[in-house]
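Please look through the structure shown here, beginning with the overall make-up of one chain and ending with a single helix of another.

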Amino acid sequence: MVDPVLSVRGLKVDFGGEGRSVPVVRGVDFDVYPNEVLCIVGESGSGKSVTSLAVTGLLSETARVDGSIRLCGIDVTTAAPETLRQMRGRDVGFIFQDPTTTLNPVLTVGRQITEGEVAHGRLKKADAHARAAELLREVDIADPQGRAGQYPHQFSGGMRQRAVIAMAMAGQPKLIIADEPTTALDVTVQAQVLAVLARRQAELGSAVILITHDLGVVAEVADRVAVMYGGRIVETAPVAEIFASPRHPYTRALLRSVPRIDTSDSRLDPIPGQPPIPGALPKGCAFQPRCAVGRDQPLCVAEEPSLSAVGDNRQSACHFAEKLPAETMAAEPRIHAEAPPSKPEPLLAVEGLKVHFPVKTGVLRRTTGWVKAVDGVSLSVNPGETVSLVGESGCGKTTTGRAIMGLIKATGGSIRFAGRSIRDLDGGAMRKARREMQYVFQDPYASLNPVKSVEDIVAEPLRIHGIYDEMGGARRIAELFDMVGLSRTMLGRFPSEFSGGQKQRIGIARALALQPKLLILDEPVAALDVSIQAQVINLLQDLQRELGLAYLFIAHNLSVVRHVSDRVAVMYLGRIVEESSRDGLYDLPVHPYTQSLLSAAPVPDPAVRDTRRRIVLEGEIPNPASPPTGCTFHPRCFRATPLCSAEAPVFDRYLDFPTRTACHHAGPLAEGHRNIFAPGVLEAAT
Amino acid sequence: MSRFLRKTLSILARLMASKGSALALIFLATITLLAVFADFLPLNPVAQKLANALKGPSATNWFGTDELGRDILARVVFGARTSLLTAGGAVAIAALAGVPIGLVAGFFGGWRDAALMRFVDVLLALPAILFAMAMIAVLGRSQAAALIAVGLTGIPSFARITRAQVLTLRKRDFVTAVEAFGGTATYNMFRTILPNSWSPIFVQVVVLCSVAILLEAALSFLGVGVPPPTPSWGEMLRTGKSYLHEAPYYAVLPGIVLTLTILSFDVLGRALSGLLEGRRDAVVAPKAEEVTS
């Protein structure tokens, strides 16, 4: 058998000084072989990033590392700094999460990607530019000669990440470590970057460690998977097996808690509680307090299970691994459902909404152009209904939400709420109108005032409107806490004492304080850990049912959107390109952008990854300050004709479908196919 | 309010934990207590005993006596009252004007920002000591003149610090959130942004205190400060320098007290800014989110 590129045994990493050292990684063993992609999956605090940094000796000096790490025959824990430096340049390549901060803004991209090779004396300075162009060409960057001389800010996000991949691959490393390489990217760009990464990896035969929290990405690229929890690997297995029959309760629970784009929309099954904090781990098995199998079992509380074999090639760290009932995690077919017909009087009706921001240049701050962030958006939300607004970053979905809320001034169009126009209301009238309409922010860390107690935060809307006593005062606040599933004992605490999921519950409680009819939810679960997302989604669905709330759900995660929505609208560059009932849109998309968006979304099912064809879009979202002529999507569209660049399509009903779309060449991908996620469907189109 | 008390106590406790800031705090507390309760002490700063003029430190006159036979210790203690009152008044003027200016300028931006900050720039162009002397030329020698002069020249620092703070907080989600559920601009400025801006403002209070004390001493030293017979440290330095040969303690002892006071304020200011600005990150253990991903 081939020797592993990397072999880790008994790795332990502690942070902090005397007395209170915090164990972040607590005994990790794994091997990575040439030409293998190992995905390390885990939530925040599971120790996955620290493991990858420890492997190459890149941890800061406050970290204490124990155990043995052999990388290409070198023992990293004992090697001299110079040996490590040589090794990093030659044998290991890194791809970090955020390409914006990985690249040095004052050096040209070409210089940066060849810097390592020049420094290690393998490349002459004079040849560097040609080599840079060659490397950029290998990662599919157009005009590599010209691009090599440009600076990082002239690159888009996806291009930057491809340049980082080029840099990591430049030395033909034996091992590539990619830490959340696509988390900061949009879904269509993520598809491009993963494709480039996979192709280059196959060409070089490198081993790859890919760290991610996204099970869809895992299913797309992994050969083997290691699941980390509380600083340890709790299960490792080949990718197909881990998705088909997980042998650790945490893996099972994780797979079950993620909304899937391709399966039935039964209620999510969240993992109760919070991920453990290093330094305050529960006794015995770290997962035991949240475990459906082992909770409060004397054995699980008393003893931490070791990682042991549970069949060929796979291991699990669970006392009950052998006793877990065999259970298939395969996708259940989804039943196509039509949304109920719209009621005559929508709660929120937006017509032709426009938000244009002036671009000011020069000393005199003259307006030289307009960024059309939102350019003619029409949508309606009925009472008790969830309408989702989906799109990639920069498409204007958040601006739309904030303009409806009156937080950004609309430039044109009409916004009617409960039958009356709320656009251009003056301060006082707008404040009254807002009582019925509330906003939940994406980042629960930033949306709560750090100096107020959470009781005051939830009470603040009532106090501002002077109805605190009228609404029941402290009793009302306690009720709101019950409603969002927080203990009343937490009332006096401050936001910093809460976890992300709990903070988002507080944000929801505050939004509910004024008894609104409509909530605008701006990416309410995007900043949360996977296992916590399910809890918050379930809470939102329960509240909607109990209180008859209408939701305008703004998101980029297509799986979450499919799970929560009644109707879905897809935005591209400030316009809605397609709008339909949920299943109408997901099962039979007619706009090419929707089709490629859906095909690019990773599906957490490794069984379909080789058969499913993707439409990988070229390029990225253009700059909204200078949008393309005609249909703004035409430069990236696979159906574009000369008509598309000449004339903008009208947003109108497509045949007798429940769908409205703006495309000259709208139409399903292939006649007769109703499920875009079934293998083979997309082949006809590409 | 109890939270405010708790926070203050915890900050005090942390200041006391380091030797330098503990000494500074104890020194300033002593000076302040002496100045406040000076009337109840057996000290008289104006009683003259000409026969007893220019006597060195003794059991009855710990700091010695001046050219009129007055007790120098008594004059130092009552002089502290002058210094601290000037400092307190000046800081009050500077903060009460500067903080709202910074809040409004930063919050609304646009023409309000431009107008207010240009006004602040004008104030900034005035050298404090010249401005104070001009004030005294108009108003005559009085404590009020020094106090107003230092106060007005202190406005820019508060306005700028507050404005910078507002600009970083203005676009934060929790401020937008208050707007979303109907809070007015005034509510947001004073109830949401201001409570989050206390740390740098408070540090500036301490810094301006030492500036004010120094300026008051300088004015008195030049002979345009508080009119006699009110005791002032600067005044004592001025008279004392004439007797530097025969009675060195006369100028040196008040000088040491003045130096220590300024030093204490500076030490305290630096310790506070370290403590308050680092506050949010200074957690006991590295948080899970910081260690990974």
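Helices here are DSSP runs of H or I with at least four residues, strands are runs of E with at least two, and both are numbered from the N terminus. Counted in this way in what is a predicted model, chain B has 12 helices and zero strands, and its pattern, read along the sequence, is α-α-α-α-α-α-α-α-α-α-α-α. The C-alpha trace of chain B spans about 75 × 50 × 30 Å along its principal axes, and 42% of the 293 residues of chain B count as buried. When the contacts in chain B between residues at least 6 apart in sequence are considered, 68% of them join residues at least 24 apart.

Chain A offers a view of one helix in detail. In helix H16 of chain A, which covers residues 473-483, the residues A:Ile477, A:Leu480 and A:Phe481 are buried; because these residues cover an arc of only 100° around the axis, they lie on the same side of H16(A). An α-helix has 3.6 residues a turn, so residues three or four places apart point the same way. On the other side of H16(A), by contrast, A:Arg475 and A:Asp482 are exposed.

What do the buried residues of H16(A) pack against? Their partners are two helices of chain A, namely helix H15 (454-464) and helix H17 (500-512). Beyond the helix itself, H16(A) is followed by A:Gly485, a residue whose phi is positive, near 75°.

Note on methods:
Residues numbered from 1 in each chain as written. Chains lettered and ligands numbered in written order. Predicted model: local features only at pLDDT ≥ 70, side-chain atom pairs only at ≥ 80, totals over all residues. Buried ≥ 20, exposed ≤ 12 C-beta atoms within 10 Å, placed from the backbone. Arc of directions from axis to C-beta. Contact = placed C-beta atoms within 7 Å.
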